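Hi,

Here's the structure I promised to pass on. Have a look at it first, then read my notes below.

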Amino acid sequence: MAVETTTRAKLRWGLLDVVVVVFALIPVLWIASLSFKTPATLTDGRFWPREWTLDNYRTIFATDQFVRALVNSIGIALIATVIAVVLGAMAAYAISRLDFPGKRLLVGVSLLIAMFPQVSLVSPLFDIERQLGLFDTWPGLILPYITFALPLAIYTLSAFFKQIPWDLEKAAKMDGATQGQAFRRVIAPLAAPGLFTTAILVFIFCWNDFLFAISLTSTERSRTVPVALSFFTGESQFEDPTGAICAAAVVITIPIILFVLFFQRRIVSGLTSGAVKG
Amino acid sequence: MSVNATPGGADVAADETATRSGARHAAVPAQRNRRRKPPLSENKKAERRLGWLLCAPAALVMVLVTAYPILYSVWLSLQRFDLRFPDQREFIGLENYVTVLTNEFWWTAFGVTALITVVTVAIELVLGMGLALIMHRTLVGRGIVRTAALIPYGIVTVVAAFSWRYAWTPGTGYLANLFSEGAPLTERASSLAIIMLAEIWKTTPFMALLLMAGLALVPEDLLKAASTDGATAWQRFTKVMLPVMKPAILVALLFRTLDAFRVFDNIFVLTAGGNETSSVSMLAYNNLIRGLNLGIGSTMSVLIFLTVAIIAFVFVKLFGTAAPGSDDGERR
């Protein structure tokens, strides 16, 4: 009987899974389909291409412009993510665990930064970066990314740290664990879901940013993929770059998929047994 | 980046100091010392120092990068400053605010933005919760579901918006003939519906991911105990899961609302603001970047900021102690 219910449960979950996947992927498949269409059939309004071609992919890899942008994007997003999550975790730990004056101020100010329309911050930032020589460099993008990712990181992480039963650590030490063991075995697994969630969100934010990237870069030295996309043109100026843009969109979605695949398995319940609460 | 190495190492060390400080710095054995209020014991001072030390890097980066740009745009909003007529630049106090607030385009855009915000955030919260439950609890293909569900959020917004525009344009798209009315992106109601659909499709995963991480904090034992005590699924959801998830829900709602109110990319690509579908951010952009009217554009930015600040304030008040940094929010 138990077997039967689990099979049925599995079926039910499987069905729900299918609904989710379809909901999420149809527009993505549409982009992919556009990327395989020939210029002649691009606008035929069909969901699946009638004629398949890889030309669009050849176009984007024909020059090293796109590859350079890809390297820039990956490097900048990874560095910014690591720094933002580390700094955010430190601040969030203090906010959720320690009592010190200025805490509310920090929380308030970081929210304020998250709220200000970024459109109006771009041109003053441009001026500053020109003067400091940061314009069109990796740090020139990494710094604003860290800054605008930090509020989200701090909020997310302190929300999670607040829910961690820190007494468990004391209990572990009472049971003879060292400080290091207590941290590694008890606290780290509990903090992991929050940390990896934050890392995924920050990475996607940096990866997708267009506004800062187009304003604070000028050459392929630091130009990221979303900006490189906007410089795409067809083979001649009369040719529509839609196919190439879609091909590039497909290519740049792959790192996101890998990143999420890799980190999502860390977002599981750390509190499966023995956590005494309430 | 050398900034990277030091705080990274300090983080772990600092964590240890934090938890040890209870035992170490206390001359008196009583560990609960800091809960009462003996004015600045040694313990307390150490806690303060550590708190400041841990927050300093984040605070420094944020303030250094944004202080000047933010103050500068507030300053601009108090001036008549149009790059087309640079010699007419002068300080005019709040006159720009009067100009904007008595302008009907502003209020139309404001209405559109408010509508989009309320509808999308409400739908996304419900869908996101469902999605989070599926991603968290599913028995089959968890990795695939989680990854597939997050792809919409990972796709570059502008590209996704273009694909929607293509899909809804008669002659090129597979969705255009779904309703026989003609071109859906040329009418106001259907345009707004499509914009909202694109927003919801794109950002529900954001909501779902945050909520899922909140779900991961719900102790399994507690759920089992509740179900042994005869709680229905709905009771388990409202009485056990929701209270633990409250901080996660606040963060998800707060940041999603802030973003939704500043909706820009989707509208920009889908309708370019035609048929009265402009959002307030589009107006600000048109004035700042296209119109080169820095005074009016900055005024709009400040007004958007103030509106968003009010929304944030209401949320934080509604959620009370679940908000980060609230004093009594500290665990026991």
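Before we get to the helices, one bit of vocabulary: a helix axis here is a line fitted to C-alpha atoms over the stretch in contact, and angles run from 0 to 180 degrees between N-to-C directions. Also keep in mind that this is a predicted model.

With that in hand, take a look at chain B. Helix 4 (residues 104-137) of chain B packs against helix 9 (residues 233-261) of chain B at an angle of about 145 degrees, and their axes are 9 Å apart. The crossing of these two helices of chain B is right-handed. Helix 4 of chain B brings residues including Ile116(B), Val121(B) and Glu124(B) to the contact, while helix 9 of chain B offers, among them, Leu253(B), Arg256(B) and Phe261(B). Sorted by class, that contact has six nonpolar, four polar and two charged residues.

Now for chain A, which splits into domain 1 (1-53) and domain 2 (63-264). The C-alpha centres of the two domains of chain A lie 29 Å apart. Seven residues from domain 1 of chain A and eight residues from domain 2 of chain A make the contact. On the domain 1 side, you'll find five nonpolar residues, one polar and one charged.

Last, how do the chains meet? In total, 102 residues of chain A are in contact with 98 residues of chain B. Among the elements of chain A giving two or more residues to its side are helix 1 (2-36), helix 3 (65-97) and helix 8 (179-208). That side of chain A has 70 nonpolar, 21 polar and 11 charged residues.

Cheers

Methods
Residues are numbered from 1 along each chain as its sequence is written. Chains are lettered from A and ligands numbered from 1 in the order in which they are written. This is a predicted model: local features need pLDDT of at least 70, side-chain atom pairs count only at pLDDT 80 or more; totals for chains, interfaces and linings use all residues. Two residues are in contact if their C-beta atoms, placed from the backbone, lie within 7 Å. Helices (H or I, at least four residues) and strands (E, at least two) are DSSP runs, numbered from the N terminus. Ala, Val, Leu, Ile, Met, Phe, Trp, Tyr, Cys and Pro count as nonpolar, Asp, Glu, Lys and Arg as charged, and the others, Gly among them, as polar. Domain bounds come from an automatic or database domain assignment. A crossing is left-handed if the near helix is turned anticlockwise from the far one by less than a right angle, and right-handed if clockwise.
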